[in-house]
Amino acid sequence: MIVTILSERRRTVPRANMNDVARVAGVSLKTVSRVVNRKSGVHPSTARRVRLAIDQLGFRRDVGPHDAARGLSTETIAVVTEDTANPFYSTLICAVQEVAHEHDRQVLAASSDEDPERERELILDFCSRQVDGLVVVPAGGPHGYLVPQIRAGVKLVFVDRPAGDIAADTVLVDNVGGAAAAVRHLARYGHRRVAYFGDAPQQLVAMGPHDQGSVATALHHVLRRRTPATAVVTGNNRITVLVLRSLATWPDQPALVGFDDFELADLLEPKVSVIAHDVSALGKAAAELLFARLDGQGSPPHQLTLPVRLIARGSGEIRP
């Protein structure tokens, strides 16, 4: 069931927050935060302008569990990904940091290790630390536990996959279009039995999470059966690398198209054909959507889908 919380929020009169103060005073959110928290570094005339805006709007600093949600900036946002060591996610985090820097925010990052329970612990811990907002690459599972946080004003944007069971801002890549492009490309080269190695839980479909042993076993299953697959599509760069390692000693390699480009893909033999997309654009789009919410945008949850493109390098052009 999709949980929608916007109608409830619209019945209440919104309280002035620090974004409102910054807008009226004509200063940055960071400047308002410094005045509210009695920090140095603000010119006296600017501080007076901020205090006048506070009085005009009736802004109040509430001391309680939802201070950040009510407008008291902690000057930080958090990013939760599956694996911060993966170049895909490190590139995404850097893109979020670039946008955050423009908004005078710092970025905290953590890995869920593809574990939904670990992800839940991390997100709730960041919420308890009152970060201003979160960018989340979901590991799976339901996200209804976030409804109280969202109702309290916490801003979240999900990236790469939608949330499990809540309506929330989401930035995706065109996975469906990319998969269709990969299969059409392989079909043009004569392939009719295509195996897929993906991320989540059968004949020619092997879902993960995967490690080197499970990939080797799954490859043996789909490539050594009586009617074997002649081509493989992989769901992300990590799985592509695992498949390449397992195929290194195979005498007759199948065609391969992998989701996500990766370093050295164009230097291997054969060069790896991929469904590529702009990871930096993905991170920037998510961060910009998050900061739009932090600036007071109140429209219904938005889903943005970014394009992909097929890069034919050689491995996807092997004929059966």
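This section describes the nonpolar cores, salt bridges, aromatic pairing and selected residue contacts of a predicted model.

The largest nonpolar core comprises 26 residues. Within this core, Ile77, Val79, Leu92, Val96, Val159, Val171 and Leu282 touch the most other members. At least two core residues are supplied by each of strand 1, helix 5, strand 4, strand 5 and helix 11 (279-294). Helix 11 accounts for the largest share, with nine residues. Val159 illustrates how these parts meet: when neighbours within four places in sequence are left aside, Val159 is in contact with Leu92, Val171, Leu282 and Ala286, and also with Val135, Val136, Val137 and Pro138. A second core, separate from this one, contains 22 residues, among them Leu219, Val222, Leu242 and Leu256. In soluble globular proteins, nonpolar side chains tend to be buried together.

One aromatic pair was found in a search of the whole structure. The pair is formed by Phe88 and Tyr89, whose rings are arranged edge-to-face, with a centre-to-centre distance of 5.0 Å and an angle of 90 degrees between the planes. Both partners are buried: Phe88 has a relative accessible area of 6%, and Tyr89 has a relative accessibility of 4%.

The search for charged pairs across the whole structure returned nine salt bridges. One of these joins Glu82 to Arg161, with 3.1 Å between the closest N and O atoms. Glu82 is located in the loop between strand 1 (76-81) and helix 5 (87-102), and Arg161 in the loop between strand 4 (155-159) and strand 5 (169-173), so this salt bridge ties together parts that are 79 residues apart in sequence. Glu82 is buried, its relative accessible area being 4%.

A salt bridge is also formed between Asp132 and Arg105, where the closest N and O atoms are 2.6 Å apart. Asp132 belongs to the loop between helix 6 (116-128) and strand 3 (133-136), whereas Arg105 belongs to the loop between helix 5 and strand 2 (106-111); the pair therefore ties together parts separated by 27 residues in sequence. Asp132 is buried at 5% relative accessibility, and Arg105 is likewise buried, with a relative accessible area of 7%.

Glu98 and Lys284 form a further salt bridge, with the closest N and O atoms 3.3 Å apart. Here both residues are partly exposed, Glu98 at 42% relative accessibility and Lys284 with a relative accessible area of 28%.

Contacts were also examined for two residues of the C-terminal part, in and after strand 12 (309-311). Ile311 is part of strand 12. The C-alpha atoms of Ile311 and Ala276 are 6.9 Å apart in space, although the two residues are 35 residues apart in sequence. Neighbours within four places in sequence aside, Ile311 is in contact with Asp261, Ser273, Val274 and Ala276.

Ser315 lies in the segment after strand 12 and is buried, at 4% relative accessibility. A polar atom of the Ser315 side chain is 2.7 Å from the backbone oxygen of Leu256. With neighbours within four places in sequence again excluded, the contacts of Ser315 are Ala255, Leu256, Pro270, Lys271, Val272 and Ser273. Ser273 is thus in contact with Ser315 and with Ile311, while Leu256, a contact of Ser315, is included in the second nonpolar core.

Key
Residues numbered from 1 in each chain as written. Predicted model: local features only at pLDDT ≥ 70, side-chain atom pairs only at ≥ 80, totals over all residues. Heavy atoms only, no water. Salt bridge = Lys/Arg side-chain N within 4 Å of Asp/Glu carboxyl O. Helix = DSSP H or I, 4+ residues; strand = E, 2+ residues; numbered from the N terminus. Buried < 20%, exposed > 50% of the residue type's maximum accessible area, 1.4 Å probe, protein only. Polar contact = N/O pair within 3.5 Å; in protein donor to acceptor, adjacent residues only side chain to side chain. Contact = heavy atoms within 4.5 Å. Phe/Tyr/Trp six-rings, centres within 6.5 Å; stacked < 30°, edge-to-face > 60°. Core = buried A, V, L, I, M, F, W, Y, C linked by side-chain atoms within 4.5 Å.
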